[in-house]
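Student: Please give me a close look at one part of this protein, its salt bridges. I would also like to see what surrounds that part.

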Amino acid sequence: MTPAQKNRAPEVSADQGRDTMPPNDELKFQINCDAGVHGQLRVASESLVVNVGQTIVRDGRTEIWDSVIIKCSEDPDGCRTVNVLLCNPDWEEPMHLACLRSSPDTGSPNQVSLFCHLTSEVGR
């Protein structure tokens with residue numbers, strides 16, 4: 001095996017991994033990402049942080065800036081929380097755009113499946 005072959009990422013077919021995902025009642029968070037010709041990603045996890053970067057020009061230099069951050073975690077009470085943050089190089093802190101919470105099943109017919117709080121607070 002050549003050094004170039006050793007450092008290459010393994011090739012994954014579009015069908016690979018579809019049957020390895022845990023059943024829905026065992027999932028906490030899942031991400032499905034389609035990057036066009038560059039590939040796809042499908043992962044389930046206990047927690048998840050996704051940074052979405054885009055090209056910006058700042059001080060005459062081109063760079064990738066993480067403009068959206070999605071943080072997913074499980075709270076001590078069992079609730080699953082997804083926080084969405086917006087970032088701008090001109091801001092001192094990210095803007096907390098949304099918080100989505102799902103509660104563990106309480107068996108109540110009136111239980112809200114997904115609580116969504118939209119905000120525009122600056123901060124984490």
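Tutor: We start with the whole chain, then turn to the salt bridges, then to what surrounds them.

This is a predicted model, so local features need pLDDT of at least 70 and side-chain atom pairs count only at pLDDT 80 or more, while totals for chains, interfaces and linings use all residues. Residues are numbered from 1 along each chain as its sequence is written, and side-chain values use heavy atoms, with hydrogens and water left out.

First, confidence. pLDDT is the predictor's confidence in each residue, from 0 to 100. Its mean for the protein is 80, and 73% of the residues reach 70 or more. Residues 1-17 have pLDDT below 50. Beyond near neighbours in sequence, that stretch has 2 contacts in the model. A contact means heavy atoms within 4.5 Å.

Next, the layout. The protein has 1 helix and 7 strands. From the N terminus on, the order is α-β-β-β-β-β-β-β. These elements are DSSP runs, numbered from the N terminus: helices are H or I with at least four residues, strands are E with at least two. Take the contacts between residues at least 6 apart in sequence: 22% of them join residues at least 24 apart.

Now the salt bridges. The structure holds 6 of them. A salt bridge is a side-chain nitrogen of Lys or Arg within 4 Å of a carboxyl oxygen of Asp or Glu. Side chains of opposite charge can pair when their charged atoms come close.

Begin at Lys28. Its salt bridge with Glu46 has the closest N and O atoms 2.8 Å apart. Lys28 lies in the loop between helix H1 (3-7) and S1, and Glu46 lies in the loop between strand S2 (40-45) and S3, so this pair ties together parts that are 18 residues apart in sequence. Lys28 also meets Glu74 in a salt bridge, at 2.5 Å from N to O. Here the link joins distant parts of the chain, since Glu74 is in strand S4 and Lys28 is in the loop between H1 and S1, 46 residues apart.

Lys28 and Glu74 both have names for their exposure. Buried means under 20% relative accessible area, exposed means over 50%, and partly exposed is in between (1.4 Å probe, protein chains only). Lys28 counts as partly exposed because its relative accessibility is 24%. Glu74 is partly exposed too, with a relative accessible area of 34%.

Step back from the pairs. Lys28, Glu46, Glu74 and Arg80 are linked in a network of salt bridges. Phe29 touches residues of that network, including Glu46, Glu74 and Arg80, in a list that leaves out residues up to four places away in sequence. Phe29 also belongs to the largest nonpolar core, with Ile31, Leu48, Val50 and Cys72, 5 residues in total. Strand S1 (29-34) and S3 each supply at least two residues of this core. A nonpolar core is a set of buried Ala, Val, Leu, Ile, Met, Phe, Trp, Tyr and Cys residues joined through side-chain atoms within 4.5 Å.

Another salt bridge joins Arg101 and Asp77, at 3.6 Å from N to O. Arg101 is in strand S6 (residues 95-102), Asp77 is in the loop between S4 and strand S5 (80-86), and they are 24 residues apart. Arg101 is partly exposed, because its relative accessible area is 26%.

What about disulfides? A search of the whole structure finds 0. A disulfide is a pair of cysteine sulfur atoms within 2.5 Å. The sulfur of Cys79 is 9.7 Å from the closest cysteine sulfur, in Cys99, which is too far for a bond. Cys99 is in no disulfide either; its nearest cysteine sulfur, that of Cys116, is 8.3 Å away. Cys79 is buried at 6% relative accessibility, and Cys99 is buried at 14%.

Last, the range of exposure. Buried residues make up 20% of the 124 residues. Thr119 is one of them, at 13% relative accessibility. Its place is in strand S7 (residues 115-122). By contrast, Asp59 is exposed, at 72%. Asp59 sits in the loop between strand S3 (48-58) and strand S4 (61-74).
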